[in-house]
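This report describes selected side-chain contacts and surface features of the structure shown below.

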Amino acid sequence: MNFLRRKSLGVVCFFAAAFLAWSLAVSDFVFAETLYVKKSGTKLQAEGSAKSAVVKLLDQGTAVDVKEKSARFYKVSAAGAEGFVFKFRLTSKKPAKKDAGGGLLDVLGKSQKIAAREASSSSSIRGLSPMSEEHARKKGVSSESIRAVKQMEAFKVSPDEIENFLAQRKLGEYGE
């Protein structure tokens with residue numbers, strides 16, 4: 001009887017060890033996740049910190065294979081390199097269009113659309129189309145106000161200015 005118990009225990013241990021070995025071997029495959037870069041110029045960084053060295057700049061739509069996830073940065077491999085990307089710069093759905101490479105204000109200056117859920121106020125990002133300008137004039141909005149809106153639309157902020165702003169105020173990937 002003891003012989004049978006030992007033999008059964010040995011079989012159970014064998015299968016448990018085999019399952020553990022199989023789990024470790026396929027864990028990269030099972031947990032691998034492919035995400036996509038939301039915007040061109042996204043930094044692939046040497047460490048999981050916004051202040052670490054930039055390994056490579058990634059283009060919009062670049063597929064990245066996620067190796068590890070942390071609260072703010074994902075360790076990934078992409079475009080022949082490995083590094084870390086701020087998690088909010090990635091999406092599970094491949095972006096359909098190439099971006100302009102600029103910031104939000106570049107997007108507003110072009111004909112691209114932004115969903116209302118992506119802004120705090122949908123009316124604040126629409127700009128002034130010719131039709132809305134004509135409507136504003138009919139409603140008695142002053143030329144000075146219309147000119148002010150057009151000046152706002154023409155305002156440009158460089159990617160470096162945005163980066164410095166985020167770093168100084170500890171926002172986005174610079175947050176703590």
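F14 belongs to helix 1, which spans residues 2-31. In this predicted model, F14 has a relative accessible area of 55% and is therefore exposed, the cut-off for that class being over 50%. Together with V11 and F15, F14 forms a nonpolar surface patch whose accessible area is about 330 Å² in total.

Aromatic contacts are a second feature. The structure contains two aromatic pairs. In one of them, F86 and F88, the ring centres lie 5.4 Å apart and the planes meet at 70°, so the arrangement is edge-to-face; the angle required for this class is over 60 degrees. The two partners differ in burial: F86 is buried at 8% relative accessible area, whereas F88 is exposed at 52%. Through ring pairs, F86 and F88 are joined with F73 in a cluster.

Charged contacts follow. Side chains of opposite charge can pair when their charged atoms come close. The model has six salt bridges, and the table gives three of these with the separation of the closest N and O atoms.

| Acidic residue | Basic residue | Closest N and O atoms |
|---|---|---|
| E163 | K43 | 2.5 Å |
| E173 | R89 | 2.9 Å |
| E133 | K150 | 2.9 Å |

The salt bridge between E163 and K43 connects helix 5 (residues 159-169) with strand 2 (residues 42-45), so the pair ties together parts that are 120 residues apart in sequence. E163 is partly exposed, with a relative accessible area of 21%, while K43 is buried at 15%, since buried means under 20%.

For the salt bridge of R89 with E173, R89 is located in the loop between strand 6 (81-86) and strand 7 (90-91), and E173 in the segment after helix 5; the pair therefore ties together parts 84 residues apart in sequence. R89 is partly exposed at 25% relative accessibility, and E173 is buried at 5%.

The salt bridge between E133 and K150 links helix 3 (residues 130-138), which holds E133, to helix 4 (residues 143-154), which holds K150, across 17 residues. E133 is buried, with a relative accessible area of 14%, and K150 is partly exposed at 38%. These two residues also belong to a network with R137, joined by salt bridges that share partners.

Terms used:
Residues are numbered from 1 along each chain as its sequence is written. This is a predicted model: local features need pLDDT of at least 70, side-chain atom pairs count only at pLDDT 80 or more; totals for chains, interfaces and linings use all residues. Side-chain values use heavy atoms; hydrogens and water are left out. Patches are made of residues with over 30% relative accessible area and no salt bridge: like charges are joined within 9 Å, nonpolar side chains (Val, Leu, Ile, Met, Phe, Trp, Tyr) within 5 Å. Accessible areas come from the Shrake-Rupley method with a 1.4 Å probe; for residues, only the protein chains shown count as cover. A salt bridge is a side-chain nitrogen of Lys or Arg within 4 Å of a carboxyl oxygen of Asp or Glu. Helices (H or I, at least four residues) and strands (E, at least two) are DSSP runs, numbered from the N terminus. Buried means under 20% relative accessible area, exposed over 50%, partly exposed in between (1.4 Å probe, protein chains only). Rings of Phe, Tyr and Trp (its six-membered ring) pair if their centres lie within 6.5 Å; planes under 30 degrees apart count as stacked, over 60 as edge-to-face and the rest as tilted.
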